[in-house]
Amino acid sequence: RIGPPSPRPVWHLTPERNWMNDPNGLVHVDGVFHAFFQYNPGGAGWGNMSWGHAVSEDLLTWRELDVAIPFTDNEQVYSGSAVIDHGNTSGLGDGVTDPVVAIYTAATTDRLQAQALAVSRDRGMTWERYAGNPVLDRGSREFRDPKVFRYSGGDGPARWIMVAVEAVAHEVLIYSSENLRDWTWESKFDVPMPLDELWECPDLISLPLDGEERWVMLLSTHSHDPANTQGSRMRWFLGDFDGHRFVPAPGEQWRLLDLGRDFYAGVTFADAPDGRRLMLGWMSNWQYAREVPTEPFRGAMSLPRELSLRRADARAGSGGIDLVQTPVVPEGLEWRPVDVAAHEPAEVEVGVTGVLSVEADLAGGRTLALELCSGDEVLATVTLDGASRELVFDRPAPGGEGVHETFPSVRRMPLGGDGRLASVQIFLDAHLVEIFACDGAAVMSHQAFVGADGWRVRVAGDASAQVMVGATDTE
Ligand code: FRU
């Protein structure tokens, strides 16, 4: 199928052509962010899984390079991570420059999944498979998505830690290693969640809170059951890690990380500057990812999001701890106000790429609705509801027929704050819509397939509001 090219996101990583899913091997090397990704070099459907490759200095503008780790006749290259092997612990370097080592899942024709290495001796640019692969094989068909990081806490010497999943058995497995080649079993984390979903793409990160180091487990979960109306989602879990075992914080449970339909497989960069925890996710959902009507590419990454922990706003009634996501935004945004008068609808042409910043006074249960349109068609409506103190996102079937039966959806998230003022940011970049509220503690990501003329936004409601449109002049 060859149709007209789709508008291409400007602030987001998309492949020039073909299929993309999970981010892989996110690593920062010598001032350059490398993003690898699940990629089909041969088409716009899932298959021939290889690691595609792109680089960026600002995390927003990307340059795609040649495929880094191609599939072979008997091996597909599934998701995994990459680290700079400071000090050449693996012995895979050339003795001059520290190697960069990728740890990926080799999905082989005998239907087994085992962990394997590839090495780069030119700071992440080109890659070679390790001759001793696989390095970790438990004879499993569902053992995948290794995320490796350096752990230097505790009493002993620093070690490499791997988290990976048994996807069907619902376990996050933890291993350790001194050299990235020999791995020792440490423990498993298997606190159940209410739904029977595959577990995929774990990550384990430390984040400071009140001067202490806390740990957050990230996990993506997916259900193939058509009766499960969620499909793919990402979750997080607060706890502690002692170098061997992840211990849940008291009373803690799995919580959703993104309340929208299109955020999955999010993982963080290794070696990011200043210890920042920067995450990219894949903005799609396995329920309909194969049906996404973009051409000649299919698949996109989210905006980069910096993760942090924050004590929840006591006034919002939650005494707990929030995971906060702060998007990396382009520099030099130029802002123009939208003329919004309460009770009178306003309309603004945003173009293919722009951000809406909305401050609304919802006192007395007032509402503000933003209709996100492509021409005259409403692709989604974002309602700030002063009565429920919620943001409601409603995405009907586009074009009347739709992408997939599970595509139309309504999702809600809290607006937080003092029960009156709401502050929301909506990033619109071609078909990618990311909404941040509660200063980053409430986030939802969705696809909505806008046409070549870009976004037109209609603002209506009885709340008084200030709406600004931010754009760069890159278009
Ligand atoms: C998650 C996932 C991973 C796997 C990869 C294959 O989206 O299913 O578990 O490694 O995609 O492309």
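In this predicted model, E390 has a relative accessible area of 24% and is therefore partly exposed. Its side chain meets that of R412 in a salt bridge, with 3.5 Å between N and O. The two residues sit in distant parts of the chain, 22 residues apart: E390 belongs to strand β28 (residues 390-395) and R412 to strand β29 (residues 409-414). R412 is also partly exposed, at 46% relative accessible area. Elsewhere, E347, E349, E371, D376, R456 and R458 are joined into one network by salt bridges that share partners.

The pairs described so far belong to a total of 25 salt bridges. Side chains of opposite charge can pair when their charged atoms come close. Another of these pairs is K188 with E171, whose side chains meet at 3.2 Å from N to O. Because K188 lies in strand β12 (residues 184-189) and E171 in strand β11 (residues 171-177), this salt bridge ties together parts that are 17 residues apart in sequence. The two partners fall into separate accessibility classes. K188, at 40% relative accessibility, is partly exposed, while E171, at 15%, is buried because the limit for that class is under 20%.

E142 and R144 form a further salt bridge, and their closest N and O atoms are 2.8 Å apart. E142 is partly exposed, with a relative accessible area of 27%. R144 is buried, at 7% relative accessibility. R144 also leads to the ligand, since it is one of the residues around that molecule.

Which residues surround the ligand? They are N21, D22, Q38, W46, Y78, S79, R144, D145, E200, Y264 and W286. Sorted by class, this shell has four nonpolar, three polar and four charged residues. Three strands each supply at least two residues of the shell, namely β1 (18-29), β5 (75-84) and β9 (143-151).

Several side chains place polar atoms by the oxygen atoms of the ligand. For Q38, a polar side-chain atom lies 2.6 Å from a ligand oxygen. For W286, the corresponding separation between a polar side-chain atom and an oxygen atom of the ligand is 2.8 Å. In E200, an N or O atom of the side chain is 2.9 Å from an oxygen atom of the ligand. How much of the ligand does the protein bury? Taken alone, the ligand exposes 320 Å², and the protein buries 95% of that area.

One member of the shell, S79, can be followed further into the protein. S79 is found in strand β5 and is buried, with a relative accessible area of 5%. Its side chain makes a polar contact with the side chain of N24, at 2.9 Å.

The backbone has a few features to check by eye. Most residues other than glycine have a negative phi, and most peptide bonds are trans. The peptide bond from N133 to P134 is cis, with omega near -10°, and P134 lies in the loop between β8 (128-129) and β9. The bond from E295 to P296 is cis as well, with omega near 0°. P296 has its place in the loop between β19 (278-282) and β20 (297-298).

Positive phi values occur at H170 and A430. H170, which is not a glycine, has phi near 60°. It is placed in the loop between β10 (159-166) and β11, the strand that holds E171 of the salt bridge with K188. H170 is buried, with a relative accessible area of 19%, a value that counts as buried because the limit is under 20%. A430 has a positive phi of about 50° and is not a glycine either. A430 is found in the loop between β30 (421-429) and β31 (432-437), and is buried, with a relative accessible area of 0%.

Last come the cysteines. A disulfide is a covalent bond between the sulfur atoms of two cysteines. How many disulfides does the model contain? The count is zero. C373 is buried, with a relative accessible area of 0%. C438 is buried too, at 18% relative accessibility.

Note on methods:
Residues are numbered from 1 along each chain as its sequence is written. This is a predicted model: local features need pLDDT of at least 70, side-chain atom pairs count only at pLDDT 80 or more; totals for chains, interfaces and linings use all residues. Side-chain values use heavy atoms; hydrogens and water are left out. A disulfide is a pair of cysteine sulfur atoms within 2.5 Å. Buried means under 20% relative accessible area, exposed over 50%, partly exposed in between (1.4 Å probe, protein chains only). A residue is near a molecule or strand if one of its heavy atoms lies within 4 Å of it. A polar contact is a pair of N or O atoms within 3.5 Å; within protein, one must be able to donate a hydrogen and the other to accept it, and residues adjacent in sequence count only if both atoms are side-chain atoms. Accessible areas come from the Shrake-Rupley method with a 1.4 Å probe; for residues, only the protein chains shown count as cover. Helices (H or I, at least four residues) and strands (E, at least two) are DSSP runs, numbered from the N terminus. Ala, Val, Leu, Ile, Met, Phe, Trp, Tyr, Cys and Pro count as nonpolar, Asp, Glu, Lys and Arg as charged, and the others, Gly among them, as polar. A salt bridge is a side-chain nitrogen of Lys or Arg within 4 Å of a carboxyl oxygen of Asp or Glu.
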